[in-house]
Each structure stands twice: as structure tokens, then as C-alpha cells.
Amino acid sequence: MDKVEIPAHDALPLDAIAPGVLGLRIVFVNVFGISHPNGEWTLIDAGLPLSAHRIKSWAQEFFSSAPNAIVLTHGHFDHVSEAKELADHWNVPIYAHPHEFPYLTGQQSYPAPDWKAGGGSMSLLSPTLPKGPVDLGSRLRPLPGDGSEVPVMPGWTLLRTPGHTPGHCSFYRAEDDVLLVGDAFCTTKPESFFEAALAQHTELHGPPAYFTSDWQAAKASVRRLAALEPRIVAPGHGKPLTGPDVPAALYKLAADFDRIAVPDDQKS
Ligand SMILES: [Zn+2]
Ligand SMILES: [Zn+2]
């Protein structure tokens with residue numbers, strides 16, 4: 001039987017986010033390709049189910065070789081589904097924070113998503129979501145501790161940003177203030193990805209509510225990221241943002257996190 005694949009019109013290259021930083025939006029989730037001065041590159045996150053074909057052809061078009069590794073911000077299905085297939089295809093390791101390992105080694109599932117949280121249309125997807133955890137097997141490698149340089153990404157610092165998941169990580173390049181935030185926050189309203197595609201202006205939103213397990217930690221993580229005053233932010237969901245207003249928008253999200261991000265039934 002032929003495998004169903006995500007059609008080409010649902011994959012949109014996000015060009016020139018920053019020097020050496022490219023992105024690819026697949027339906028509603030982004031992956032990123034980070035080029036390094038030594039000529040290598042790294043794939044950040046690994047997409048939705050059935051998107052491997054799109055990621056491979058994008059990689060072929062924009063990078064001349066296989067990546068040196070796949071690095072995961074966290075283990076939710078929309079960020080890891082094709083990690084194993086791609087890592088096997090390229091014969092590369094997959095890095096993730098050890099706190100995500102139970103969800104990446106087939107041992108444990110994330111708490112069931114709360115589809116009521118935040119409203120919106122994401123619940124339409126729920127029947128198609130994978131039920132069990134993925135098992136990345138012997139490909140999996142631990143990311144280092146908070147504040148360390150990411151082993152395969154020279155110049156990029158790992159920042160622990162738990163809350164959305166226990167082992168969620170963001171990646172920061174201090175040289176030019178570029179920040180990859182995974183699902184620590186979004187630049188589109190995450191519970192309404194499909195409606196938000198029509199919005200004309202971009203504002204910051206919290207992490208996807210239906211999947212976020214610890215709102216206090218999520219708030220602390222956004223505060224931490226705001227304090228970096230990044231010039232460019234590239235999220236897992238929504239458009240990358242740049243410009244002088246980015247730090248102020250992030251401070252606003254951090255200061256008003258309970259109102260903007262936390263669902264009513266989770267407010268303390
Ligand atoms: Zn997530
Ligand atoms: Zn996500």
C-alpha cells in the first residue's frame with residue numbers, strides 16, 4: 001500500500017530567518033535547519049506524522065548533505081513523529097533532554113491532551129493523534145545541562161524551559177540574539193492554528209494549552225526567555241518574528257502570562 005504523505009502545498013519554506021537559520025512549516029508546525037560555520041547543519045524537531053518526505057526534499061533543496069543530528073525541543077507528536085525515520089535515513093543521532101526520555105523510549109505517554117483548554121479547532125485533530133509514545137531506540141542521545149553549548153551546534157546554548165513538558169528546551173545563539181523556543185510560547189494562537197492562519201497581525205501567545213502540563217513552570221520559562229531580550233524568535237507554531245518590538249512583546253507575554261496563556265480552569 002502506498003504511504004499517504006502530506007501534500008507539497010502544506011509545506012512552506014520559511015526563508016532567511018537569521019543567518020544560517022532556515023525553517024519549514026508543515027501544516028501547522030515548524031522544523032528548522034541550522035547551518036554551522038564548520039559546514040555541518042542540524043535539524044531542529046522532526047514534524048508531524050507523514051511529513052518525512054517533505055522534510056527530506058526540503059533538506060535536499062537547501063542543504064548539500066545530511067544533517068549532523070536531529071535535536072528535539074520536546075517529545076510531542078507534532079515535533080518527533082518522523083525523527084526515527086529521518087535519523088535512520090541519514091544515519092544520525094537524535095538529541096533530547098533526559099526528562100523527555102520516558103516519552104521517547106516507549107515507556108510513558110504524555111498526559112492526555114485537554115482539548116477543552118483554550119477552545120478552538122484543534123480538537124478536530126484529536127482522532128488522528130498517535131496514542132502511544134514513540135520509541136527512538138538507540139538513536140537517542142542526552143542533551144547536556146542547562147546553559148551548556150549544544151554538542152552538535154557550535155555557538156548555541158541550551159536553555160531549560162520546562163512547563164509545556166518536563167524536558168522542554170529552547171536554543172539561543174548569543175552572537176546575534178536568535179532564539180528557537182519550541183512550544184515555550186507561540187506566535188499564533190495555538191488552539192486555533194487554522195483560523196489564525198488568516199490573521200493579519202502577529203501577537204505572542206502562550207504554549208499550546210491542551211498539552212501544557214505545568215503552568216507555573218511554563219510562566220517561569222517565558223520570563224526567562226523574555227530576559228534574554230532576543231532580536232529574533234522562531235517558534236514551533238506560528239511565524240518567526242524579528243524587529244525592535246520583539247523584546248517588548250515577550251515582556252508583555254511574561255508579565256500578563258496568567259491572563260494571556262493560562263486557561264480559565266487552570267488559573268490559580
Ligand atoms: Zn508541544
Ligand atoms: Zn507543538
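# Group meeting talk: two zinc ions and a five-stranded sheet

Hi everyone, let me start with a single residue, Pro208, which is buried, with a relative accessible area of just 1%. Pro208 sits in the loop between H5 and H6. Its C-alpha is 8.0 Å from the C-alpha of Lys189, and 19 residues separate the two in sequence. Please keep in mind that what you see is a predicted model.

Now the whole chain. It has eight helices and twelve strands. Of its 268 residues, 53% are buried. About 11700 Å² of the chain is exposed, and carbon and sulfur atoms supply 53% of that area. If we take contacts between residues at least 6 apart in sequence, 64% of them join residues at least 24 apart.

On to the metals, beginning with ligand 1. Which protein atoms are the donors of the zinc ion (ligand 1)? They are NE2 of His74, ND1 of His76, NE2 of His164 and an OD atom of Asp183, and they lie 2.1 to 2.2 Å from the ion. Along the chain, these donors follow the spacing H-x1-H-x87-H-x18-D. The angles among the four donor atoms run from 90 to 173°, and the site is irregular. Two of these donors, His74 and His164, link distant parts of the chain, being 90 residues apart. You will find His74 in the loop between strand E5 (69-71) and helix H2 (77-80), while His164 is in the loop between E8 and E9. Both of these histidines, His74 and His164, are buried.

Next, the second zinc ion. For ligand 2, the coordinating atoms are OD of Asp78, NE2 of His79, OD of Asp183 and NE2 of His237, at 2.1 to 2.4 Å. Here the spacing along the chain reads D-H-x103-D-x53-H. With angles of 86 to 156° among its four donor atoms, this site of ligand 2 is irregular too. How far apart are the zinc ion (ligand 2) and the zinc ion (ligand 1), and which residue coordinates both? The distance is 3.4 Å, and the shared residue is Asp183. Asp78 belongs to helix H2 and Asp183 to the loop between E10 and helix H5 (193-196), so this pair ties together parts of the chain that are 105 residues apart in sequence. Asp78 and Asp183 are both buried.

Let me turn to the sheet. It is an open sheet of five strands, in the order E8-E9-E10-E11-E12, and the pairing is mixed. Why is one side of E8 and one side of strand E12 (241-242) left without a neighbour in the sheet? E8 and E12 stand at the edges and each has a single partner strand, so one side of each has no neighbour there. Helix H6 (residues 215-227) packs on this sheet, where it touches E8, E9 and strand E10 (178-182). The direction of H6 makes about 150° with that of E8.

Looking at the E8 end, strand E8 (residues 156-160) is mostly covered, with four of its five residues buried. E8 pairs with strand E9 (residues 169-173) in the antiparallel sense, over five bridges. Within that pairing, Leu158 has Phe171 in E9 as its bridge partner. At the other end, strand E11 (residues 232-235) and E12 are also antiparallel, over two bridges. There, Val233 is partnered by Leu241 in E12.

Back to helix H6 for a moment, as it holds Lys219. Is Lys219 buried or exposed? At 13% relative accessibility, this lysine counts as buried. Leaving aside residues up to four places away in sequence, Lys219 touches Phe257 and Asp258.

I'll finish with two backbone details. As background, most residues other than glycine have a negative phi. Asp45 is not a glycine, yet its phi is positive, at about 70°. This residue, Asp45, is in the loop between strand E4 (41-44) and helix H1 (52-62), and at 3% relative accessibility it counts as buried. Asn91 also has a positive phi without being a glycine, in this case about 55°. The place of Asn91 is the loop between helix H3 (83-90) and strand E6 (94-96). Asn91 counts as exposed, at 56% relative accessibility.

That's my tour, and thanks for listening!

How values were computed. Residues are numbered from 1 along each chain as its sequence is written. Chains are lettered from A and ligands numbered from 1 in the order in which they are written. This is a predicted model: local features need pLDDT of at least 70, side-chain atom pairs count only at pLDDT 80 or more; totals for chains, interfaces and linings use all residues. Side-chain values use heavy atoms; hydrogens and water are left out. Buried means under 20% relative accessible area, exposed over 50%, partly exposed in between (1.4 Å probe, protein chains only). Two strands pair if DSSP finds at least two bridges between them. Donors are N, O and S atoms within 2.8 Å of the metal (3.2 Å for Na, K and Ca); water is not among the atoms, so sites may look incomplete. Four donors count as tetrahedral if all angles lie between 85 and 135 degrees; four count as square planar and six as octahedral if opposite donors are over 155 degrees apart and all others between 65 and 115; anything else is irregular. Contact means heavy atoms within 4.5 Å. Accessible areas come from the Shrake-Rupley method with a 1.4 Å probe; for residues, only the protein chains shown count as cover. Axes are lines fitted to C-alpha atoms, for helices over the stretch in contact, and angles run from 0 to 180 degrees between N-to-C directions.
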